[in-house]
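Let's take a walk through a protein structure together, going from a single residue out to whole chains. Keep the viewer open and turn the picture as you read.

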Number of protein chains: 4
Amino acid sequence: MPASYAYLGPEGTFTEVALRTLPEAATRELIPYVSVQSALDAVRTGEAEAAFVPIENSVEGGITTTLDELVAGEPLTIYREVLLSITFALLVRPGTALTDIKTVSAHPAAQPQVRNWLRNHLPDVHWESAASNADAARLVQEGRYDAAFAGEFAAARYGLEALETGIHDAENAQTRFVLVGRPARPAAPTGADKTSVVLWQRDDHPGALRDLLGEFASRGINLMLLQSRPTGAGIGNYCFCIDAEGHISDRRMAETLMGLKRICLQVRFLGSYPRADIAPGEARPTPAGTSDTEFMAAADWVARCQDGRF
Amino acid sequence: MPASYAYLGPEGTFTEVALRTLPEAATRELIPYVSVQSALDAVRTGEAEAAFVPIENSVEGGITTTLDELVAGEPLTIYREVLLSITFALLVRPGTALTDIKTVSAHPAAQPQVRNWLRNHLPDVHWESAASNADAARLVQEGRYDAAFAGEFAAARYGLEALETGIHDAENAQTRFVLVGRPARPAAPTGADKTSVVLWQRDDHPGALRDLLGEFASRGINLMLLQSRPTGAGIGNYCFCIDAEGHISDRRMAETLMGLKRICLQVRFLGSYPRADIAPGEARPTPAGTSDTEFMAAADWVARCQDGRF
Amino acid sequence: MPASYAYLGPEGTFTEVALRTLPEAATRELIPYVSVQSALDAVRTGEAEAAFVPIENSVEGGITTTLDELVAGEPLTIYREVLLSITFALLVRPGTALTDIKTVSAHPAAQPQVRNWLRNHLPDVHWESAASNADAARLVQEGRYDAAFAGEFAAARYGLEALETGIHDAENAQTRFVLVGRPARPAAPTGADKTSVVLWQRDDHPGALRDLLGEFASRGINLMLLQSRPTGAGIGNYCFCIDAEGHISDRRMAETLMGLKRICLQVRFLGSYPRADIAPGEARPTPAGTSDTEFMAAADWVARCQDGRF
Amino acid sequence: MPASYAYLGPEGTFTEVALRTLPEAATRELIPYVSVQSALDAVRTGEAEAAFVPIENSVEGGITTTLDELVAGEPLTIYREVLLSITFALLVRPGTALTDIKTVSAHPAAQPQVRNWLRNHLPDVHWESAASNADAARLVQEGRYDAAFAGEFAAARYGLEALETGIHDAENAQTRFVLVGRPARPAAPTGADKTSVVLWQRDDHPGALRDLLGEFASRGINLMLLQSRPTGAGIGNYCFCIDAEGHISDRRMAETLMGLKRICLQVRFLGSYPRADIAPGEARPTPAGTSDTEFMAAADWVARCQDGRF
């Protein structure tokens with residue numbers, strides 16, 4: 001029996017399309033789960049080797065369901081990310097004309113990406129949220145709704161046809177997915193990597209968050225995502241999901257994480273993994289004074305000072 | 001015809017309950033709208049004097065639909081906030097027993113607050129998302145689903161009964177609502193106020209966000225919310241919705257806003273308004289060197305230096 | 001009787017040479033004083049309109065006697081600065097050969113600038129400190145010492161000849177002088193100005209000095225001098241004499257001074273005056289977000305927000 | 001032949017008194033040198049094991065001759081410091097009355113500490129600088145001057161008597177001396193230590209110095225001295241002599257030094273040594289997050305993350 005990857009199903013969604021871009025997916029059994037939570041639980045229980053779930057998109061930002069699952073519970077680690085450009089097709093049963101459409105369905109996450117299109121083309125349509133875009137397509141197949149927004153690839157699976165393709169309110173609409181497993185050694189650094197952490201502040205005072213971010217800034221590390229999430233301790237209490245450029249095996253990132261660990265109430269390391277937005281070698285150079293070479297030279301110098309050899 | 005307040009409907013939701021805690025609501029016509037967007041549009045078009053919508057809760061954090069509407073489009077201003085403690089009742093048609101429940105419905109926002117309760121009491125139930133908790137109650141009334149999570153106050157309206165009350169996964173579950181109108185002079189300072197802004201960074205470099213937050217920190221201003229929202233320019237591009245302690249008529253806040261205006265690509269002022277979490281007079285004292293008195297004394301001193309009178 | 005300028009005498013020193021480069025010196029009586037203290041006291045008592053004294057040189061740094069006089073006592077203001085390149089001549093009575101020289105004299109401040117020259121050319125000579133270089137020349141004239149280091153211009157006055165000229169251990173040896181008067185309106189901004197202040201910290205804690213400097217840094221202001229001086233409250237207690245680029249009439253400098261005034265125990269404004277090292281128009285441009293235009297636009301925007309007109 | 005300590009002579013100065021407070025001085029030959037430079041050169045050439053020189057006093061601040069010698073040339077290391085309270089006696093030949101005194105002599109460093117006393121008691125006296133206070137006493141003995149300011153202990157040596165003792169303009173006048181040797185392993189940490197370094201900035205831009213100080217501040221390290229010294233590259237070019245609380249073997253200090261080494265053009269380590277102002281055990285506790293225990297726990301945590309064991 002091959003190792004399996006859990007993914008946010010059902011089949012025929014953007015998630016599955018993104019997952020299949022990973023070479024390692026070809027050798028695994030890919031199993032759809034009904035929710036991000038159940039897919040991640042499958043990893044936690046050992047039922048699946050890894051789970052593949054959306055974590056950020058260009059319209060909604062950080063996907064809170066996924067972030068909240070990574071923030072809490074048994075620790076998990078991100079090993080890979082995939083970026084997928086998102087455009088929607090309007091799927092209907094063959095023969096349906098635009099003017100026939102009274103109800104349309106899709107996952108709520110699709111709504112902000114098709115809102116303007118709907119306003120312009122189907123201003124009076126009734127929207128029904130579905131558990132997934134694929135589910136919406138199924139419900140159209142079953143005749144419950146007139147049309148669904150989904151990936152064009154879903155048309156064939158549900159015997160539908162695409163009345164319109166390439167629908168996307170926002171240019172450059174993309175979704176970022178991550179492959180998540182149980183904690184193990186991070187992927188090797190490629191030179192263009194990203195590190196994800198969750199930070200809980202020790203206390204709340206003017207400058208507290210500024211000082212956390214200073215641990216990154218003073219070591220020349222750029223932030224790629226900062227998403228606050230409620231801690232569960234009541235309104236106004238937040239932890240911070242942060243993605244930053246670099247790999248935990250980079251000296252500057254390791255020292256940054258040490259600094260955060262010291263000044264935060266808690267830090268959860270979510271992984272270091274290759275960036276999907278640029279190729280290795282395309283990362284901008286580290287600012288002066290923050291390369292591994294400079295860190296090692298500095299550590300060596302301090303060691304020599306401690307020994308009186310300088 | 002009285003002036004009207006738009007609010008996120010339908011009737012019988014937590015939003016309506018929260019709105020009715022505002023004294024000024026008693027003298028307005030309260031009109032439910034189907035979405036945050038439509039309620040805010042009613043203000044923008046002049047159809048309503050103000051709109052009342054949820055903006056943050058202790059489980060989901062910032063409510064992105066509302067934030068995104070305030071971030072974009074014609075500027076609006078927040079004049080009031082209301083905090084409401086949230087607990088759910090499980091509403092059923094009279095005679096239904098717990099063991100009869102196969103399907104349950106509520107707004108997706110309710111899900112994280114009832115998840116554990118469901119796991120413990122109805123592990124096999126099928127969840128159906130509804131447009132609102134009140135809508136879920138209506139669908140139960142109509143027989144479409146077996147049970148709905150909603151505020152206990154909704155039972156009477158829909159002829160249901162509460163099989164269980166006080167359901168809330170998270171202790172201290174609260175939702176924060178805001179009363180939003182067209183731009184005008186902010187509410188007068190009370191001594192315990194909050195200022196909301198949206199910041200767009202000029203460019204992205206290590207330390208950019210740290211420096212933005214430094215404008216607050218160096219003037220002793222505490223942050224209450226920092227929520228990143230996509231700018232629409234593609235994945236990884238964010239603006240920041242920030243709530244901070246203090247009123248724009250406070251010198252330290254005015255100078256902070258000036259600093260942000262200078263270093264940001266764009267700043268949108270969303271309002272200064274009384275805090276709902278503490279009473280006037282309960283706000284913590286301003287740190288040394290940041291009171292209005294000290295700001296005025298410093299300005300006066302600089303003016304005297306400029307004049308050679310010191 | 002013309003107004004007089006006091007200067008650090010005696011006649012025939014670099015100070016007098018520097019003072020005579022000021023156009024306004026041509027119309028004043030120039031009166032030498034025996035010490036910086038007495039020259040400044042002459043201003044304080046009204047005996048002199050202004051005093052001209054050295055304040056910094058490239059070998060010794062800030063001249064502590066002058067700084068301490070400006071730091072304490074009745075406030076004074078700097079109106080002008082002059083930079084003078086310093087090289088020494090070795091002055092002897094006519095007929096003296098290098099090999100005849102057993103004793104050499106000069107003001108102690110000359111010593112670091114001629115130390116290497118002495119080591120190489122007169123390794124066994126005996127050094128005698130004098131109250132000024134001109135005084136050393138006078139003592140050579142009187143036959144008390146064999147040679148004096150002084151400006152070449154002093155040779156004629158004391159009937160000496162220069163055995164060697166252009167002596168200076170450090171390349172680019174320069175001394176900076178200031179014209180100091182009673183407090184009045186600062187010189188008008190030229191576009192290339194400098195502001196001098198003295199700062200006393202409110203308390204001493206990790207980051208206290210960093211935060212003071214942050215008031216300059218966050219407004220894009222470069223520092224030109226930071227000289228700590230004892231406060232008199234015991235060893236380890238310092239105030240800070242700071243020169244920074246810009247004029248108190250610049251918005252960014254005015255706001256910086258306000259910030260310092262608020263967070264410091266005490267701030268003494270020592271003046272804004274034209275820089276002598278560069279011409280007006282040669283100053284580097286202000287960093288993005290810190291020009292007067294941007295400050296005024298930001299203030300205007302905040303005022304409009306306060307009024308509800310945005 | 002015992003190892004020798006060089007010290008700033010001549011005999012009978014405060015320096016010798018301070019040196020004799022060190023237990024190890026009892027077993028060394030103590031050799032006076034005519035200047036700080038020559039005493040330190042004796043260490044550099046191996047002629048002396050160590051040199052004992054003044055480095056800071058409560059009236060003049062950092063003693064620039066000493067700092068400049070430590071900043072440049074062959075590296076030296078500070079191993080000990082001594083604090084000595086300074087008060088002067090007015091020494092005269094037996095029989096001299098206050099009214100007989102026409103000339104008074106002392107080292108220029110004494111002048112600011114006796115200035116007010118002179119103004120009040122001998123307003124018309126003529127001041128003559130001497131190479132040292134002891135030298136001034138000798139010149140009084142020889143009849144060249146009428147009185148000298150020196151330590152009371154110098155009276156016996158030169159056959160003088162103290163006409164007045166306890167003279168000191170500033171309360172709490174103290175001088176700090178250091179014992180300097182060739183580089184070797186620093187003194188063991190005592191729990192109340194000080195580290196001295198010299199920093200040269202990589203380039204000069206707004207915030208450059210603030211960022212250097214940020215390396216200390218972000219790790220909770222308090223500064224005890226910041227003295228700028230000219231680099232020799234022309235007026236306005238400074239390096240910074242810094243004394244900071246803590247020992248190079250403290251994790252937070254080691255990491256601070258590493259950070260400085262990375263971002264500075266050059267760092268010179270001048271030593272870690274016990275503080276003379278407080279006893280071991282009296283140092284204030286390290287701020288939260290900066291103890292050795294917390295640094296080690298953080299390093300251990302990062303190592304575990306790197307290994308996938310968390």
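Find C:Ala51 in this predicted model. Leaving aside residues up to four places away in sequence, C:Ala51 touches C:Tyr5, C:Ala6, C:Tyr7, C:Ala39, C:Leu40, C:Ala42, C:Val43 and C:Val180. C:Ala51 also belongs to the largest nonpolar core, a set of 139 residues. Within that core, C:Ala51, C:Val53, D:Ala51 and D:Val53 are the residues that touch the most other members. A second core, separate from the one just described, has 138 residues, among them A:Ala6, A:Ile221, B:Leu70 and B:Phe269. There is a general idea to keep in mind here: in soluble globular proteins, nonpolar side chains tend to be buried together.

Now stay in chain C and look for C:Tyr145. Is C:Tyr145 buried or exposed? C:Tyr145 has 24 C-beta neighbours inside 10 Å, and because a residue needs 20 or more to be called buried, C:Tyr145 counts as buried. You will find C:Tyr145 in the loop that lies between helix 5 (133-141) and strand 9 (147-150) of chain C. Not counting residues up to four places away in sequence, its contacts are C:Thr103, C:Val104, C:Ser105, C:Glu128, C:Ala136, C:Leu139 and C:Val140. C:Arg93 is 52 residues away from C:Tyr145 along the chain, yet 9.8 Å separate their C-alpha atoms.

A helix can be covered too, as chain B shows with helix 3, residues 64-71. How many of its eight residues are buried? The count is eight of eight, so by the cut-off of 20 or more neighbours, helix 3 of chain B is mostly covered. The buried residues of this helix are B:Thr64, B:Thr65, B:Thr66, B:Leu67, B:Asp68, B:Glu69, B:Leu70 and B:Val71. After helix 3 of chain B comes B:Gly73, which has a positive phi, near 75 degrees.

Let's step back and see how one chain is built. Chain A is divided into domain 1 (1-86 + 173-184), domain 2 (88-167) and domain 3 (185-310). Taken over C-alpha atoms, the centres of domain 1 and domain 2 of chain A are 25 Å apart. Where these two domains meet, domain 1 of chain A gives 10 residues to the contact and domain 2 of chain A gives 11 residues. On the domain 1 side, the residues divide into six nonpolar, two polar and two charged. Also in chain A, an unreviewed UniProt entry carries the annotation "domain: ACT" for residues 197-274. That span is 29% helix and 41% strand, and its end C-alpha atoms lie 15 Å apart.

Next, see how the chains fit together, beginning with chains A and B. Chain B superposes on chain A with an RMSD of 0.1 Å, after a rotation of 180 degrees with 0.0 Å of shift along its axis. In chain B, the C-alpha nearest that axis belongs to B:Arg210, at 2.6 Å from it. Since 100% of the interface residues of chain B are also interface residues in chain A, the copies meet through the same surface.

How many residues of chain B are in contact with chain A? There are 41 residues of chain B, and they contact 41 residues of chain A. Strand 3 (50-57), strand 11 (174-181), helix 7 (208-217) and strand 13 (223-230) of chain B each supply at least two residues of this side. Strand 13 of chain B has the largest share, with eight residues. By type, the side of chain B that touches chain A has 18 nonpolar, 17 polar and six charged residues.

Chains C and B tell a related story. A turn of 180 degrees and a shift of 0.0 Å along the axis lay chain C on chain B with an RMSD of 0.1 Å. The two copies are thus related as by a two-fold rotation axis. Again the same surface serves both copies, as 100% of the contact residues of chain C recur in chain B.

Here 29 residues of chain C are in contact with 29 residues of chain B. Helix 8 (251-263) and helix 9 (292-307) of chain C are the elements giving two or more residues to this side, and helix 9 of chain C provides the largest share, nine residues. The side of chain C that touches chain B divides into 17 nonpolar, seven polar and five charged residues.

Finally, some chains do not meet. Chain A and chain C do not touch, and their nearest C-alpha atoms are 12 Å apart. No contact joins chain B and chain D either, with their closest C-alpha atoms 12 Å apart.

Notes
Residues numbered from 1 in each chain as written. Chains lettered and ligands numbered in written order. Predicted model: local features only at pLDDT ≥ 70, side-chain atom pairs only at ≥ 80, totals over all residues. Least-squares fit on C-alpha atoms with pLDDT ≥ 70 in both. Contact = placed C-beta atoms within 7 Å. Helix = DSSP H or I, 4+ residues; strand = E, 2+ residues; numbered from the N terminus. Nonpolar A, V, L, I, M, F, W, Y, C, P; charged D, E, K, R; others polar. Domains from an automatic or database assignment. Buried ≥ 20, exposed ≤ 12 C-beta atoms within 10 Å, placed from the backbone. Core = buried A, V, L, I, M, F, W, Y, C linked by C-beta atoms within 7 Å. UniProt positions renumbered as here; feature names shortened; annotations may be inferred.
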